[in-house]
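Good morning, everyone, and thank you for making time for this. Please have the sequence and the structure open, and follow along as I go from one element to another.

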Amino acid sequence: MTSNASSSSFSDEDEESAGQKPKTGSIDYSPDAIENQLPSIALNTSIDEEKVSVADDHHEPVTEIARGSSREIEPERLISSTGESNLSTETGVWRNSSKVEVDGATSSPCSSGYAGEMGTSSGTASTSGADDIQELRNNSSSVGNDGEVLHSAQWVPGKRHVDEDDTCMSWRERKKHFFVLSHSGKPIFSRYGNEHKLAGFSATLQAIISFVKDGGDRIHLIRAGKHQVVFLVKGPIYLVCISCTEEPYESLRGQLELLYGQMVLILTESVSRYFEKNPKFDMTPLLGGTDAVFSSLFHAFSWNPASFLHAYTCLPLPCATRQAAAAILQDVSDSGVIYSMLMCKYKVVSLVGAQKAPLHPDDMLLLANFVMTSESFSPICLPRYNAMAFLHAYVHYFDDDTYLVLLTSNSDAFFHLKDCRIQIENVLVKSNVLSDIQRSLLEGGMRVENLPLYPSTRYGSLFHNEPSDRSQESLQPGIGGPDGLWHFIYRSMNLDQYVSSKFSSPITTHQHQKRLYRAYQKLYASMHDKETGPHKTQFKRDGNYVLLCWVTTDFELYAAFDPLADKGSAIRICNRVCQWVKDVENEIFLLGGGSTFAW
Amino acid sequence: MASRRRMLLKVIILGDSGVGKTSLMNQYVNRKFSNQYKATIGADFLTKEIQFEDRLFTLQIWDTAGQERFQSLGVAFYRGADCCVLVHDVNVMKSFESLSNWREEFLIQASPSDPENFPFVVLGNKIDVDGGNSRVVSEKKAKAWCASKGNIPYFETSAKEGFNVEAAFECIAKNALKNEPEEEMYIPDTIDVARERQQKSSGCEC
C-alpha cells in the first residue's frame, strides 16, 4: 500500500494513473476484504505477459451511435491492435486496464507488481518534471488556500511519459488519454506515449471510426466498463478521448472540441485542404514544439471552469483601474490592431476590439493557453473567429503573470505593435494598473467567508478590507462561509463571463479541488442535458457536498455546501451570493460600457 | 530530403484468405510462426521500427482479412497507404489469379494520385510446402505478371521458415519511401480585415 502510494507521482493529473483515484467511501483495505469483494478477478496474474485472450470472454461493450439502431460493436474481436512484442497480449486492451483499475484503486498487496512497473516507467520519463514532486495529498497543511496559484506553481508543462506505448501497463493505467489521428489512421498526437509506437493503436481507432462511418452512421461513444471512448470527427482529423475519470460524455466531447480548436489555432483549418490533396499528408512536423501548449490545455481541462462553461473570467480590480487600462488599449486599437487584451494568466484585465465581433470565450481560452506557453510574435488562428486564416499575435509579458496580446492581420506590424506596447506600458505603470493587478492577484477575489450579511452596505467593494484581517481569518481551518457555504461559481449569461470564489477551507487540497471541479462539471452537464433539460434548479446531496444549481436567463449559479447544510438556508445563501456578485460586479466583470464585447 | 524527422509508412497487405498474410507479418515483426490457421477478423495492426539509410522509420502494417465477409472497411483501409503488398500462395492457382482483382480494388479504393507508379510488392508465399512439389504457380509466371503491371518487385517467401521475409519487407519499405511526395510549404491565408468588413456590412443589410 505504502509503496504503491509513494510511487504514484504528483502532477496536476491524478488521471495520469488510475491508482490514485480518490476513494471517499470507507473501504477495507485489507487483502482479505479485497479478495472477498473481487473473487472473480485474478489480480495476481494481471501483469502476466501470458494472460492472453481475456478479451474473448468480454463481448459486452455497448456502443452508442448517433443515429439509427444501436449496432453492437465488439472492438476486441473485430479489430485487434497488436504491438511489437506479443501478438496476443494486445487483444484485451481496455478489459485489461479496467482490471488494473480495480487493482490500483483498492491498493491491494497484489498490485505491488504494478507499482514497481509504474515506478520504473515514470522514472525513465525524464521530461516529466512534475513527477518528481512528492504527493501533497496527505499533507494538506502545506497547501495554500488558493488552489489556482497552487496548481500553476507546481504544474510543469510538457509531454509526459514519452517512452510509453500501448504495451506498457503504466500507459494503460493512465486515466485520461487523448489521441489525434488522420483519416488514414496515422497518428498525429497522443497525450501519453510515443506516437510512432502507437501507430498500431491509432490504426485500430481509425478502423473503429471508419467501420461505423461505412455503415452510414457516426460513432460518438463506446462504454466499456468504467471507460468511455469518445470520438470526434473533424473532416480528415479524428480525435479520441479514452477516459475512466467519470466525467460526463458532454464534458469529454467539449474537451475534444477544444483540443481540435487548439490545433486550429496553431495551424488553421486549412490543413484539411492539404489532406484532400494528399491523404498521406503528415501534419506532425507542423505541430513541432507545441507539446507544452497541449499539456497545458489538458491541465486546464481539470481546473479551469472556462473549459466547460464557455465563459471567461476577469481579474477583480477597482473599477477605476480597469477603466484606465481600457482607455489606453482603446487608444492603440484604431491603428490596425483588431483585438487588444491585457491579461493576467487566464484572467482578463481589459479587452478591446476594433471590430464589432466579440471574441468567443473559447478562443480566449485557447489563445491564453497558447500565449502562456509560446513565443512572442506568431501567426495564430482563432477557430471561432475565422477558422481558415491566420491573425498575428504580438505578446508581451509585463511581469511573470501579466501579459498583453495585440492581434493584427498585418504580418509586418511587429515594430508598430512594439511601439503600441511601449505606449501602453508607460500608461499602465503611471496609473498603477500593474501594481493593482499584483495586489489583486495576492489578495483579491471573492472569498466565501467574506459573504456579507444583508442588508448591509459595508461591502460595496472587494478592495476595502484590511488584507491582514482577511488572511488571518482564512487561515483558520474548517470555517468556510456562512451556513456551510464552501464555494461557488457564478456565470453571467449575457456577459459570457464567470466568477468563482477562491478556494477556502475545507476545499484546500488539490484532491478536494479537483473533486469539486468534477462535481461542477457533472452538474453543468446535467443541467444542460439535451434530453431531459434544460433545468432551472437542482439541489443534490451526497457524501461530499450539498450542490445547488440555479439557472435563470441572466445567470447560472453553482454552489457547494457542507453535506449537512440545510436546504432552506442554502437557498437563502445563494440569494445572498447573487446579491453580492451584483454589488461588486464592476470589479469582477468587464461590463458593456468600456468594451466592445457586450453584444 | 530536407528534414531528418522520423517518418511513418502505412503498408497494406492484401490477398486471398489463407495465403499467409498474418503469418508473414508475424514472422517479420515478431519472428514467430504458428501452424494454426486463425482467420483475421476485420483487420490487425502491427508496427515495426526500421532503420534505413541512417533514418528511422515506423512501418504501420495493416493486415487485412482475406475473407470477403470482412471486406467492409473499404476506403478507410486503403486511404493514405504508402505501399501495398499483394500476397498469393504458390500452391493455389486461384490466389494468384486474384492478384489482379486485389490490385484493381486497391487502386479504386485508395485512388492514389499516380496509380501507374504506386508502389506494390508481390509475395509468393508458402514455397516450403511439400518441398515445393505441390507448387502450381511458377516463379516465371509470377514474374511475368509483375512485369506486365509495371515491374512490380517479386519475392518468393516462406513465412514458416522465415525465408526471404526480411528482404521482402526491406524492399517494401524502400518502395514506400520512393513514393514519398515532395514536401509542400504550409501557408494558410491571413485574414483580410478590409474585405471581411465589406462582406459583413453587406450581410447586415439584408
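Let me begin with helix α11 of chain A, residues 291-301, which is mostly covered, since 9 of its 11 residues are buried; by buried I mean under 20% relative accessible area, with exposed meaning over 50% and partly exposed in between, using a 1.4 Å probe and protein chains only. Among the buried residues of α11(A) are F294(A), L297(A), F298(A), H299(A) and F301(A). Helices here are DSSP runs of H or I with at least four residues, strands are runs of E with at least two, and both are numbered from the N terminus.

Before I go on, a word on what we are looking at: this is a predicted model, in which local features need pLDDT of at least 70 and side-chain atom pairs count only at pLDDT 80 or more, while totals for chains, interfaces and linings use all residues. Residues are numbered from 1 along each chain as its sequence is written, chains are lettered from A and ligands numbered from 1 in the order in which they are written, and side-chain values use heavy atoms, with hydrogens and water left out.

Stepping back to chain A as a whole, its secondary structure comes to 20 helices and 18 strands, and buried residues make up 60% of its 599 residues.

For a single buried position, look at L367(A), which is found in helix α14, residues 361-371 of chain A, and which has a relative accessible area of 1%. Which residues does L367(A) touch, not counting those up to four places away in sequence? With contact meaning heavy atoms within 4.5 Å, they are L265(A), M341(A), I380(A), L382(A), V405(A) and L407(A). One of these, I380(A), is 13 residues from L367(A) in sequence and 8.2 Å away in space, C-alpha to C-alpha.

Now to a sheet in chain A, an open one of 5 strands in the order β15-β14-β18-β17-β16, with antiparallel pairing; two strands pair if DSSP finds at least two bridges between them. β15 (497-500) and β16 (537-541) of chain A stand at the edges with a single partner strand each, so one side of each has no neighbour in the sheet. From one strand to the next, the twist averages 10 degrees.

At one edge, 4 bridges join β14(A) to β15(A), which run antiparallel, and R491(A) stands opposite Y498(A) in β15(A). The hairpin of these two strands has 4 residues between them, and there D496(A) takes a positive phi near 60 degrees. In a regular strand the side chains alternate between the two faces of the sheet. In β15(A), Q497(A) and V499(A) point one way and Y498(A) and S500(A) the other way, and all are buried.

At the other edge, 5 bridges join β16(A) to β17(A), residues 546-551, and these strands also run antiparallel, with K540(A) opposite L547(A) in β17(A). Helix α18, residues 510-527 of chain A, packs on the sheet, touching β14, β16, β17 and β18 of chain A, and its direction makes about 40 degrees with that of β17(A); axes are lines fitted to C-alpha atoms, for helices over the stretch in contact, and angles run from 0 to 180 degrees between N-to-C directions.

I will stop there, and I am happy to take questions.
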